[in-house]
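User: Please take a close look at the ligand site in this model. I would like the surrounding residues, the polar contacts and the coverage.

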Amino acid sequence: MKPARIAILPGDGIGPEVVAEAVRVLKAGAFDWLQFEFVEAPIGGAALEANDDPLPPRTLAAARSADAILFGAVGDPRFDTAPRAKRPEQGLLRLRQELGLFANLRPATVFPGLEAASTLKPEVIEGLDILIVRELTGDIYFGLPRGIRAMPGGEREGFGTMRYTEGEIRRIARVAFEAARRRASRVCSVDKANVLETSQLWRETVTEVGRDYPDVQLDHMYVDNAAMQLVRSPRQFDVLLTGNLFGDILSDEASMLTGSIGMLPSASLDEAGKGLYEPIHGSAPDIAGKGIANPLATILSAAMMLRYSFSSEAGAARIEQAVARVLRSGARTADLGGGAQAPVGTRAMGDLVISELHS
Ligand code: NAD
């Protein structure tokens, strides 16, 4: 069997530190029938330094020819004043565009023992397990016309265009329904159909796609209510399906329910299910090089890779359960705080997950 090719793009700051642990976990796991081949390439500030380009052609080529991409983080304060095209973050934005990664999946999960890390009451978020499926390449962020123009009389107005085609809605809806089948089989589609035509079409189209998934329960919710329900009673949700704008806001809200940025993975998928997997956090320059970054978000991103790119639900679950057991044992990196034991470093956390994988 041909090995699965994974492009490793560590990036900047703590990116290389946390990615190294996820790669060790993938190598140590012996997951199902999977064999991996890793190809590493620079991106972000690291690539700017070496090639004066945040996404050099060889990195794009490695990402294109890979079956999946494991990404760390980009961002380096040394480039803060550089022109836009020469900023590390452009590397990731261009990569998403070039690969057509239209579906962003962000789980918000609270692992047992970490309830206190949230600003919400433990009884509200205990056992929380939501998956946000957000459309990433359409909506008012890309719709034309847009701009700022002068009106008669001299006052200026800003304007944008919220737009979605039925095809764009259908493909993201299918991702949500398919994901729900692997979970609790419930999709809540978020819109503002009482006010916006784009949302009206969104609701009609999602309902239509839902007929192909009679085993998945579909509900619709207005975005303002969804924002409220997420803090009032977040456990009611299984999969939340959103457009780009609403998902941008709700996914940040949902991730903070868990209170720990170092724990949260994500996936961005194309039409064929090829994906880029990354922690939601950035390059954390304040702690880079200290060996204290939490690698779990990246390790959990590798679990998502097994689930969504390689159809290995068993492999993904093995990693997630190993992480849960490590946390149950009381081990904590410094960002998680509050543990009874002294905090463990990045490498030690990787070691603990690997030893749980084998237990
Ligand atoms: P950040 O996520 O890098 O850091 C925010 C805070 O969380 C910092 O105090 C940091 O130390 C802490 N933190 C983040 N990840 C952690 C981890 N794994 N373990 C322990 N602590 C962790 O966000 P920021 O400080 O706003 O941005 C820093 C740089 O990262 C910027 O250049 C920004 O543009 C970039 N960024 C990149 C991405 C990405 O690559 N996808 C995402 C967000 C920010």
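Analyst: The account below goes through the ligand site, from its shell to its coverage. This is a predicted model, in which local features need pLDDT of at least 70 and side-chain atom pairs count only at pLDDT 80 or more, while totals for chains, interfaces and linings use all residues. Residues are numbered from 1 along each chain as its sequence is written, and side-chain values use heavy atoms, with hydrogens and water left out.

The ligand is surrounded by 20 residues, where near means that a heavy atom of the residue lies within 4 Å of the molecule. Glu89, Gly282, Ala284, Asp286 and Asn294 are the closest. By class, the shell holds 10 nonpolar, 6 polar and 4 charged residues; Ala, Val, Leu, Ile, Met, Phe, Trp, Tyr, Cys and Pro count as nonpolar, Asp, Glu, Lys and Arg as charged, and the others, Gly among them, as polar. At least two shell residues come from each of β3 (68-73) and α4 (88-98), with helices (H or I, at least four residues) and strands (E, at least two) taken as DSSP runs numbered from the N terminus.

Polar contacts are pairs of N or O atoms within 3.5 Å. A polar backbone atom of glycine 282 is 2.7 Å from an oxygen atom of the ligand. For asparagine 294, a backbone N or O atom lies 2.9 Å from a ligand nitrogen atom. Histidine 281 places a polar side-chain atom 3.2 Å from a nitrogen atom of the ligand. On its own the ligand has 810 Å² of accessible area, and the protein covers 67% of that (Shrake-Rupley method, 1.4 Å probe).

Note on methods: A polar contact is a pair of N or O atoms within 3.5 Å; within protein, one must be able to donate a hydrogen and the other to accept it, and residues adjacent in sequence count only if both atoms are side-chain atoms.
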